[in-house]
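Let's take a walk through this structure together, one piece at a time. Have the view ready to turn as you read.

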Amino acid sequence: MVYKKKILHLTLKEEWFDLIAVEQKKIEYREFKEYWISRLMNKHDDSLKEFDEIHFKNGYSKDCPFMRVKCIEVELGYSRTYDADCFKIHLGKILEIKNWLKDK
């Protein structure tokens, strides 16, 4: 049986994409709202989903900057930015970057 990776697809603004690409940002936050609850939690038991990788894009064109990152875990926590509980997506090793220039 072939194992199918569990991938979380996220689109980011350039500022956040760049910080992750240079490994200065190790946690990605998402508000605890219905949209993210449906994407990050299992309906049947309200547990958090597990992902193998996160695929980040900076834009929507087919040649926009793209990055594959190992997902360590998704947890519930507090964010000072939102001043509320949120999803904290812990980022691991960068596995691949395409169409991104390090020295802009």
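Start with Glu 53: its bridge partner in E4 is Lys 70. Keep in mind that what you're looking at is a predicted model. That pair of residues belongs to a longer seam, since strand E3 (residues 53–57) and strand E4 (residues 66–79) are joined by 5 bridges and run antiparallel.

Now zoom out to the sheet. It is an open one, built from 5 strands, and if you read across it the order is E1-E3-E4-E5-E2, with mixed pairing. At the edges sit strand E1 (7–11) and E2, each of which pairs on one side only. The sheet isn't flat, either: ignoring direction, neighbouring strands are turned by 40° against each other on average.

Next, look for helix H1, which covers residues 14–21. This helix lies across E2, E3, E4 and strand E5 (84–98), and its direction makes an angle of about 105° with E4.

Let's go back to one of those edge strands, E2, which spans residues 27–31 and is home to Glu 28. Is Glu 28 buried or exposed? Its relative accessible area is 4%, and the cut-off for buried is under 20%, so Glu 28 counts as buried. So who are its neighbours? Leaving aside residues up to four places away in sequence, Glu 28 touches Leu 10, Leu 12, Ile 20, Phe 56, Phe 87, Lys 88, Ile 89 and Leu 91. There's also a partner closer to home in the chain: the side chains of Glu 28 and Lys 25 are joined by a polar contact of 2.7 Å.

One name on that contact list, Phe 87, brings us to the aromatic rings. The model has 2 aromatic pairs. In one of them, Phe 32 and Phe 87 sit 5.2 Å apart, centre to centre, with 35° between their planes, which makes the pair tilted. Phe 32 is in the loop between E2 and helix H2 (34–40), while Phe 87 is in strand E5, so this pair ties together parts that are 55 residues apart in sequence. The two rings have rather unlike surroundings: Phe 32 is partly exposed, at 39% relative accessible area, whereas Phe 87 is buried, at 0%.

The other pair is made by Tyr 35 and Trp 36, and here the rings meet edge-to-face, with centres 4.9 Å apart and planes at 85°. Trp 36 has a relative accessibility of 16%, so it counts as buried.

Note on methods: Residues are numbered from 1 along each chain as its sequence is written. This is a predicted model: local features need pLDDT of at least 70, side-chain atom pairs count only at pLDDT 80 or more; totals for chains, interfaces and linings use all residues. Side-chain values use heavy atoms; hydrogens and water are left out. Helices (H or I, at least four residues) and strands (E, at least two) are DSSP runs, numbered from the N terminus. Buried means under 20% relative accessible area, exposed over 50%, partly exposed in between (1.4 Å probe, protein chains only). A polar contact is a pair of N or O atoms within 3.5 Å; within protein, one must be able to donate a hydrogen and the other to accept it, and residues adjacent in sequence count only if both atoms are side-chain atoms. Contact means heavy atoms within 4.5 Å. Two strands pair if DSSP finds at least two bridges between them. Axes are lines fitted to C-alpha atoms, for helices over the stretch in contact, and angles run from 0 to 180 degrees between N-to-C directions. Rings of Phe, Tyr and Trp (its six-membered ring) pair if their centres lie within 6.5 Å; planes under 30 degrees apart count as stacked, over 60 as edge-to-face and the rest as tilted.
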